[in-house]
Amino acid sequence: NLDNQPTLVNAIERQAQRPLYPDRNIEELQDFYTRLDIDQVGPVYFQPLIHGGVLTSILAVGLPYSKRELVDSEMELLRGIAVIASSLMSLSLAAQDASLRAEERAIQAMVQGITPDDLEDDQVLSAHQEMQSSLELARDQIKQLSHQVRELKIELDDERSRVANALGDSQESLSVSQR
């Protein structure tokens with residue numbers, strides 16, 4: 001819920017470091033530390049991690065116990081750390097993507113009974129797209145079945161009500177409900 005964190009939203013939009021101070025941003029700080037289950041309140045610095053002009057994440061540095069504000073040199077150090085961290089995060093995401101593509105390539109090669117090196121990239125992509133489409137089809141079927149189950153439950157409730165009303169408040173209605 002970013003409505004309670006306008007400074008964080010501002011840091012994301014401007015892709016620039018933004019601080020929160022207890023004397024100026026008490027509501028935001030209380031919201032921030034409450035989410036982290038920390039009872040103390042102190043300054044927080046939001047530092048966007050940007051790689052190649054793209055926001056990858058936000059680094060939040062909080063000092064709830066010391067309540068100390070960073071000096072200018074420490075804020076510059078935080079900006080430098082952000083450059084390194086965003087590069088490392090981008091490398092990590094790229095490695096993760098490469099690992100997933102390698103897994104897909106190995107699976108496709110096993111399905112076709114060949115080595116992964118003999119498999120062409122377009123075969124892997126087409127197999128991936130086919131898998132995605134079958135997954136979407138399965139999800140659609142699950143949604144349709146869930147909808148049908150809900151409709152059947154409603155019909156069953158209506159039928160129970162109709163039978164109970166038809167039998168009235170007699171001893172027979174209790175035994176029918178129990179059966």
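Buried means under 20% relative accessible area, exposed means over 50%, and partly exposed covers what lies in between (1.4 Å probe, protein chains only). With that scale, Arg68 counts as partly exposed because its relative accessible area is 39%.

The model is predicted, so local features need pLDDT of at least 70 and side-chain atom pairs count only at pLDDT 80 or more, while totals for chains, interfaces and linings use all residues. Residues are numbered from 1 along each chain as its sequence is written, and side-chain values use heavy atoms, with hydrogens and water left out.

**Exercise 1. Find the aromatic pairs around Phe32 and say how their rings are arranged.**

Step 1. Fix the rule: rings of Phe, Tyr and Trp (its six-membered ring) pair if their centres lie within 6.5 Å, and planes under 30 degrees apart are stacked, over 60 edge-to-face and the rest tilted.

Step 2. Search the whole structure, which gives three aromatic pairs. One of them joins Phe32 to Tyr33, with 5.3 Å from centre to centre and 75 degrees between the planes, an edge-to-face arrangement.

Step 3. Now try Phe46. Its ring centre is 5.7 Å from that of Phe32 and the planes stand at 80 degrees, so this pair is edge-to-face.

Step 4. Place the partners, taking helices (H or I, at least four residues) and strands (E, at least two) as DSSP runs numbered from the N terminus. Phe32 is in helix H2 (residues 26-35) and Phe46 in strand E2 (residues 44-51), so their pair ties together parts 14 residues apart in sequence.

Step 5. Put it together: Phe32, Tyr33 and Phe46 make one aromatic cluster. Phe32 is buried at 14% relative accessibility, and Tyr33 is buried at 1%.

**Exercise 2. Work out which elements build the largest nonpolar core.**

Step 1. Recall that a nonpolar core is a set of buried Ala, Val, Leu, Ile, Met, Phe, Trp, Tyr and Cys residues joined through side-chain atoms within 4.5 Å.

Step 2. List the members of the largest one: nine residues, namely Leu8, Ala11, Leu20, Leu29, Phe32, Tyr33, Val41, Val44 and Phe46.

Step 3. Assign them to elements. Helix H1 (6-14), H2 and E2 each give two or more residues, and H2 has the largest share, with three.

Step 4. Look beyond this core: apart from it lies another of six residues, among them Tyr21, Tyr45, Leu70 and Met75.

**Exercise 3. Decide what surrounds Glu28 and whether a salt bridge is present.**

Step 1. Locate Glu28, which sits in helix H2.

Step 2. Apply the salt-bridge rule: a side-chain nitrogen of Lys or Arg within 4 Å of a carboxyl oxygen of Asp or Glu. Lys and Arg count as positive and Asp and Glu as negative, with His and the chain ends not counted.

Step 3. Glu28 is buried and has no salt bridge; Arg35, the nearest side chain of opposite charge, is 9.9 Å away.

Step 4. Check contacts (heavy atoms within 4.5 Å). Leaving aside neighbours within four places in sequence, Glu28 touches Asn4, Gln5, Pro6, Thr7, Leu8 and Leu20.

**Exercise 4. Describe salt bridges that involve Arg35, Arg68 and Arg79.**

Step 1. Start from the total, which is seven salt bridges in the structure.

Step 2. Arg35 bridges to Asp31, with the closest N and O atoms 2.9 Å apart. Asp31 and Arg35 are four residues apart in helix H2, which means about one helical turn between them. Asp31 is buried at 16% relative accessibility, whereas Arg35 is partly exposed at 47%.

Step 3. Arg68 meets Glu74 at 3.0 Å, N to O. Glu74 is partly exposed at 26% relative accessibility.

Step 4. Arg79 bridges to Glu76, with the closest N and O atoms 2.6 Å apart. Arg79 and Glu76 are three residues apart in helix H3, so about one helical turn separates them.

**Exercise 5. Compare the span of helix H3 with its expected value.**

Step 1. The expected span is 1.5 Å times one less than the number of residues.

Step 2. H3 (residues 72-112) has 41 residues, so it should span 60 Å, and its end C-alpha atoms are 60 Å apart, which agrees.

Step 3. Finish at the helix end: just after H3, Gly113 takes a positive phi of about 75 degrees.
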